[in-house]
Amino acid sequence: MALNVTLIPGDGIGPSITDATVRLLAAAGADITWDRQLAGMAAVTAYNDPIPEATLDSIRRTKLALKGPLETPVGKGFRSINVALRKAFDLYANVRPAKSVLPGLRFSDVDIVLVRENTEGLYIGIENYIKVGEDEHAAAQSVAVVTRQGSERIHRYAFDYAVTHGRKKVTLVHKANILKYSQGLFLEVGRAIAKEYEGRLTVEEKIVDACAMELVMRPERFDVIVTTNLFGDILSDLTSGLVGGLGLTPGANVGKNAAIFEAVHGTAPDIAGKGIANPTAVMFAACQLLDHVGDTSRAARVRGAIEETLRARKTVTGDIGGTATTDQYTDAVISNL
Ligand code: NAD
């Protein structure tokens, strides 16, 4: 039976890299019915709403979406689309793998899966200015909210992920030495969950600043990382950089009732419409989608074809040192299937 998946082509380079991905999955024989929906600037142009109800309805129906990058329109009255989607579907786990494939980089043995808490922490949106005298912006505060329930489910997700994917180690990354309450609770819960996995996984704890240094010096020491929202956001761009940049790294946003797969990068307005964008990150995101629905052998085959094309480094796009167009690169991947 065909799998129904919501497809949000997105803005900028989004339509061309998602088209390339749809073409690749079809060539790999994936039986997917795509329900194309708008979000971002494309939806503002069509409906004056960056995240139309029809798009949300489609994801409620399919419970799965592949999404191109979206431009959040600047100006009051528009919600942040990515935050709205995470909230609407309670997509609490953001899974961002970074693996060495491209030859000739500083590191050749990076294979890290970063699991970022996606709904709490400093991204909860409780912020305000404090007026002192005539100065409306004399001070500002942003509140970090960490809950036991939110911490339990993200740690459990990361530990279960590690076990089911044959990983050996989970690193709990925190700043509990300074933020004793919010980060302290995250660590306390992580330690309790870690006990349940004793004997199956090695668990270590690292303070985020020390972790950042070690990631750029000895990234091969890391396996699965679990951390809070802001630290995960920053460290996952760092891990992208270890393996060749944002053009290569995907991200899955997973909740109990839906999952949305996307590239970590944005709409790349500087190269939009030129046909030269690198579609690899969305292609890898599609592999995460196939894994998610249990089509793991097809995911492995598609991933293998992408990796072979990247390793040969002959027909690759400009961002990683080649001269191929999006279409030429996609053809090369398809021929390696
Ligand atoms: P960006 O990721 O779009 O671009 C940064 C640089 O990387 C640019 O030079 C771009 O050309 C290059 N790049 C990115 N992806 C590439 C690809 N696949 N192939 C080749 N080169 C690539 O970041 P930005 O310029 O800060 O943001 C642009 C827009 O994207 C903003 O409107 C931002 O809000 C949005 N954005 C959306 C998402 C999302 O939807 N998940 C994520 C990040 C940024």
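1. The ligand shell is mixed. By class, eight nonpolar, five polar and five charged residues make up the shell around the ligand. Note that this is a predicted model.

2. Who sits closest? In total, 18 residues surround the ligand. The closest are Leu-70, Gly-266, Ala-268, Asp-270 and Asn-278.

3. Polar contacts to ligand oxygen come from side chains and backbone. A polar side-chain atom of Asp-270 lies 2.8 Å from an oxygen atom of the ligand. Thr-267 contributes a polar backbone atom, 3.0 Å from a ligand oxygen. For Lys-67, an N or O atom of the side chain is 3.4 Å from an oxygen atom of the ligand. As for cover, the ligand taken alone exposes 810 Å², and the protein buries 64% of that.

4. Turn to helix H5, residues 148–164. The helix has 17 residues, so at 1.5 Å a residue the expected span is 24 Å. The C-alpha atoms at its ends are 24 Å apart, which agrees with that expectation.

5. H5 has a list of buried residues worth checking on screen. They are Gly-150, Ser-151, Arg-153, Ile-154, His-155, Ala-158, Phe-159, Tyr-161 and Ala-162. Arg-153 and His-155 are thus among the buried residues of H5.

6. What do the buried residues of H5 pack against? Their partners include the strands S4 (93–99), S5 (111–117) and S8 (169–174). Strands S9 (202–207) and S10 (224–227) are also packed against, as is helix H6 (182–196).

7. Look just past the helix as well. Gly-166, just after H5, takes a positive phi of about 65 degrees.

Note on methods. Residues numbered from 1 in each chain as written. Predicted model: local features only at pLDDT ≥ 70, side-chain atom pairs only at ≥ 80, totals over all residues. Heavy atoms only, no water. Near = heavy atom within 4 Å. Polar contact = N/O pair within 3.5 Å; in protein donor to acceptor, adjacent residues only side chain to side chain. Areas by Shrake-Rupley, 256 points an atom, 1.4 Å probe, with all protein chains shown as cover. Nonpolar A, V, L, I, M, F, W, Y, C, P; charged D, E, K, R; others polar. Helix = DSSP H or I, 4+ residues; strand = E, 2+ residues; numbered from the N terminus. Expected span 1.5 Å × (residues − 1). Buried < 20%, exposed > 50% of the residue type's maximum accessible area, 1.4 Å probe, protein only. Contact = heavy atoms within 4.5 Å.
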